[in-house]
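Please look over the structure shown here, and then read the notes below, which take up its pocket, its core and one of its helices in turn.

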Amino acid sequence: MARKITTDVEIDNFILKVIKEAHHHAGGVERIIKPLSDAVRNRMNLKVDTIEVYERNGQLARTCWIVLNGNRYVFSYNYGSKVIDLRERTLRGHTLFKFNNSTSHSDTLSAISSL
């Protein structure tokens, strides 16, 4: 099930949680999470666009769906390749981009601006 998060405080808390968990379990993406979040948030209008986060047993998990300009995307950690996948529409959608700590700031901005 997904929970809609609608305020900057909720988004900040979610991002901090994801970074903290990445520090322990996914160090290869720990440093890209904040820049990636900033790039997405700079593109979003929270009055129109949406953010939903996977919720399990009342706890927010790390998978995040956004609707940006009417198009739905999902960010999720890929345990096999140890990257954050950005996919079209669903967890099984076409992979648009892969992010990790080696992803440059300009590549991050370019990927998000193309959405």
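The largest pocket encloses about 390 Å³ of space, where a pocket is an open set of points on a 1 Å grid over the protein atoms alone, fitting a 1.4 Å probe, with protein on both sides within 12 Å along at least five of seven lines, and the volume is the space filled by probe spheres set on those points. This is a predicted model, in which local features need pLDDT of at least 70 and side-chain atom pairs count only at pLDDT 80 or more, while totals for chains, interfaces and linings use all residues. Residues are numbered from 1 along each chain, and side-chain values use heavy atoms, without hydrogens or water.

**Pocket lining**
- Among the 25 lining residues (those with an atom within 4 Å of a point), Phe14, Val18, Ile33, Arg62 and Phe75 are the closest to the centre of the pocket.
- Helix α1 (8-25) gives the largest share of the lining, 7 residues; helices here are DSSP runs of H or I with at least four residues, and strands are runs of E with at least two.

**Nonpolar core**
- The largest nonpolar core, a set of buried Ala, Val, Leu, Ile, Met, Phe, Trp, Tyr and Cys residues joined through side-chain atoms within 4.5 Å, has 28 residues, and Ile51, Phe75 and Ile112 are among those with the most contacts inside it.
- The largest share of this core, 5 residues, comes from α1.

**Helix α3**
- In α3 (residues 105-113), Thr108, Ala111 and Ile112 are buried, that is, under 20% relative accessible area with a 1.4 Å probe, protein chains only.
- These buried residues line one face of the helix, because they fall within an arc of 90 degrees seen down its axis, taken from the directions from the axis to the C-beta atoms.

Definitions and conventions: Buried < 20%, exposed > 50% of the residue type's maximum accessible area, 1.4 Å probe, protein only.
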